[in-house]
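Student: I would like a close look at a single part of this model, with the rest of the chain brought in as context. Could you take me through it step by step?

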Amino acid sequence: MLIHEKIPKIMGLVGAISKDRKNTAQHYQFRGIDDMYNALNKHLSEEKVFFTSEILSTSREERDSKSGGVLTYSIITMKFTAYAEDGSSVSSTTVGEAMDSGDKSMNKAMSTAYKYALMQIFCIPTEDEKDTETQSHEIVKKVDTVTG
C-alpha cells in the first residue's frame with residue numbers, strides 16, 4: 001500500500017498554493033488548475049504517483065446572463081484515483097461546476113473538480129482565510145423553454 005506513504009510525503013513537499021490570479025470581471029482572487037499542476041507535477045513524478053479520472057455524471061443547461069447573453073452552466077461529478085507504483089490507490093469523488101459564454105463550461109467544470117480533488121487529497125493549504133459563503137452571484141430566473 002505505497003500510496004498511503006506517498007500521499008503524506010507529497011503533502012509535506014507541496015506547501016501552500018496562494019490565490020495569485022485575479023478575475024477582473026468579478027473582482028476576486030483565485031488559484032487555477034495550472035497552479036495546482038505547477039505545484040504538484042515534480043513531486044508526483046518523483047514519487048511515481050499518477051491519477052486517472054472517471055466521469056460519473058454530467059448536466060448542462062443554458063442560462064441567461066445578467067447582461068442579456070447566454071451562459072452554458074455545467075455540473076460534473078468525477079472520480080479521481082491516485083496510483084502508486086505497487087498498484088495501490090486512493091480515490092476521491094468531487095463535483096465541479098462552471099459557467100461559460102462559449103464552449104468551455106464542461107472543461108472548466110472538469111478542471112474545478114480535479115483542482116478540489118487535489119486540494120482535498122493532499123490537504124493543500126491555501127493561505128486564504130476568507131469564507132466562500134461571503135460571495136454571491138446574480139442570475140436571472142430560469143425559464144422553462146418548453147412551457148415558457
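Tutor: Let us begin with a pair of side chains: aspartate 103 and lysine 104 are joined by a polar contact of 2.9 Å between their side chains, in what is, it should be said at the outset, a predicted model. Aspartate 103 sits in the loop that runs between β5 (89-100) and α3. Is aspartate 103 buried or exposed? Its relative accessibility is 55%, and because exposed means over 50%, aspartate 103 counts as exposed. Along the chain, aspartate 103 and threonine 72 are 31 residues apart, yet their C-alpha atoms are separated by 7.7 Å.

The loop that holds aspartate 103 leads on to α3, and α3 in turn takes us to the nonpolar core, since the largest share of the largest such core, eight residues, comes from α3. That core has 28 residues, and those touching the most other members are Leu40, Phe51, Leu118 and Phe122. The elements that give two or more residues to this core are α1 (3-14), α2 (33-46), β4 (70-83) and α3 (105-121). Leucine 118 deserves a separate word: with its neighbours within four places in sequence left aside, leucine 118 is in contact with Ile33, Met36, Leu40, Phe51, Cys123 and Ile124, and of these partners Leu40 and Phe51 are themselves among the residues that touch the most other core members.

Leu40 also appears where two helices meet, for Ile10, Leu13 and Val14 in α1 meet Ala39, Leu40, His43 and Leu44 in α2. Two packed helices are described by the angle between their axes and by the distance between those axes. For α1 and α2 the angle is about 135 degrees and the axes are 10 Å apart; α1 and α2 are therefore oblique to each other, and their crossing is right-handed.

To place these parts in the whole, the chain has three helices and five strands, which follow one another along the sequence in the pattern α-β-β-α-β-β-β-α. The chain has 148 residues, of which buried residues make up 34%. Finally, when contacts are counted between residues at least 6 apart in sequence, 58% of them join residues at least 24 apart.

Notes:
Residues numbered from 1 in each chain as written. Predicted model: local features only at pLDDT ≥ 70, side-chain atom pairs only at ≥ 80, totals over all residues. Heavy atoms only, no water. Core = buried A, V, L, I, M, F, W, Y, C linked by side-chain atoms within 4.5 Å. Buried < 20%, exposed > 50% of the residue type's maximum accessible area, 1.4 Å probe, protein only. Helix = DSSP H or I, 4+ residues; strand = E, 2+ residues; numbered from the N terminus. Contact = heavy atoms within 4.5 Å. Polar contact = N/O pair within 3.5 Å; in protein donor to acceptor, adjacent residues only side chain to side chain. Axes fitted to C-alpha atoms, helices over the stretch in contact; angles between N-to-C directions. Parallel < 35°, antiparallel > 145°, perpendicular 65-115°, else oblique. Left-handed = near helix turned anticlockwise from the far one by under 90°.
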